[in-house]
Amino acid sequence: MLQGDYLRSIKGYNDGTFNNLRPLGRWLIGGPMKNLIALAVMALFAVPSFTRADVEDRLYDFTDAYYLQNGVNPALIDGRMQAGTGIAVNDTPNFPFQRNVRALLTLPAYDHSGDINYFTVLGGISANAFTANAAGRQARAIADSFTEYLFAQAGTDPIGFTFRQSSVLDMRHGYFGADPLGLWIHKWVNFTPKALNTSAGQQFLRSLARQNGKALDGTPIIASTSDIDNLLSRGYITVTTRPNNDPLRYAICPVIEDPTDGGIARDQFLAITRKPDGTPVEPSFLENFESLRTTGDWD
């Protein structure tokens with residue numbers, strides 16, 4: 001996709017949330033994965049990095065050998081993170097399985113219990129990117145067992161990247177020990193007419209909004225897998241994936257295990273859903289991120 005076509009394809013998100021995206025578009029890397037990564041480039045802070053005890057928790061891209069060892073063909077990663085793109089820098093890695101590309105781009109997410117987490121996007125893959133051996137079969141099984149729920153804004157592409165709120169990551173089943181690459185299957189959550197147009201549905205959504213707050217489009221924020229399960233059981237949402245050959249079916253999105261004491265560097269920036277006036281839809285994510293970035297501790 002040409003740069004101009006790409007920027008037009010994300011116009012809705014640019015206008016609705018990340019209002020500083022368009023001037024940075026020329027830095028973004030190619031391929032369909034741009035539709036996920038580019039949406040997050042909004043506020044790159046030119047602040048020197050600092051060194052603290054938990055710098056080993058900072059996120060780097062992985063080496064080709066490590067991708068292959070863990071069942072993913074690195075040549076088939078769409079939009080693989082690169083330094084010099086505005087979302088990553090060259091830096092000395094902490095471990096031999098890391099490439100010298102450190103993520104600046106940081107995104108917020110709820111985990112399955114609704115707790116705050118931060119992650120990055122190293123690239124996207126289709127089912128074809130899993131290697132044709134036991135490692136590849138294991139990698140796909142891992143990816144299918146960890147779901148990243150995405151929430152497209154009402155009135156936009158229901159499997160697109162014009163978000164109404166932050167993601168929900170289902171990190172149950174030992175994510176940090178069981179998912180070495182940070183593999184996820186993308187699943188899009190959308191409200192049904194039964195939720196939006198019936199009195200029972202509207203009453204339930206009002207109750208959820210009182211509990212969690214409202215998303216960018218006025219629908220309630222969904223902040224945990226129990227919210228998802230409850231809504232799904234009532235027929236109030238649909239959950240949709242992309243086809244096997246779509247490079248946005250799966251994502252490589254490692255989560256920062258410990259963001260304190262330097263796990264988030266001073267030069268990282270947070271891509272968060274914002275209202276038209278620039279204020280964040282979910283301010284606690286930004287407040288905690290800024291505290292972690294500047295002091296090394298939670299707000």
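**Pocket, helix α9 and aromatic pairs**

The largest pocket here has a volume of about 370 Å³, where a pocket is an open set of points on a 1 Å grid over the protein atoms alone, fitting a 1.4 Å probe, with protein on both sides within 12 Å along at least five of seven lines, and the volume is the space filled by probe spheres set on the points. This is a predicted model, in which local features need pLDDT of at least 70 and side-chain atom pairs count only at pLDDT 80 or more, while totals for chains, interfaces and linings use all residues. Residues are numbered from 1 along each chain as its sequence is written, and side-chain values use heavy atoms, with hydrogens and water left out.

The lining of that pocket comprises 19 residues (each with an atom within 4 Å of a point), and Leu59, Phe62, Pro180, Val255 and Glu257 lie nearest the centre.

Turning to helix α9, residues 225-233 (helices being DSSP runs of H or I with at least four residues, strands runs of E with at least two), we find Thr225, Asp227, Ile228 and Leu231 buried, that is, under 20% relative accessible area with a 1.4 Å probe, protein chains only. These residues sit on the same side of α9, because they cover an arc of only 155° around the axis, taken from the directions from the helix axis to the C-beta atoms.

Finally, there are 16 aromatic pairs, meaning ring centres within 6.5 Å, with planes under 30 degrees apart called stacked, over 60 edge-to-face and the rest tilted. Phe130 and Tyr250 are edge-to-face, since their centres are 5.2 Å apart and their planes at 80°, and both residues are buried.

Conventions. Buried means under 20% relative accessible area, exposed over 50%, partly exposed in between (1.4 Å probe, protein chains only). Rings of Phe, Tyr and Trp (its six-membered ring) pair if their centres lie within 6.5 Å; planes under 30 degrees apart count as stacked, over 60 as edge-to-face and the rest as tilted.
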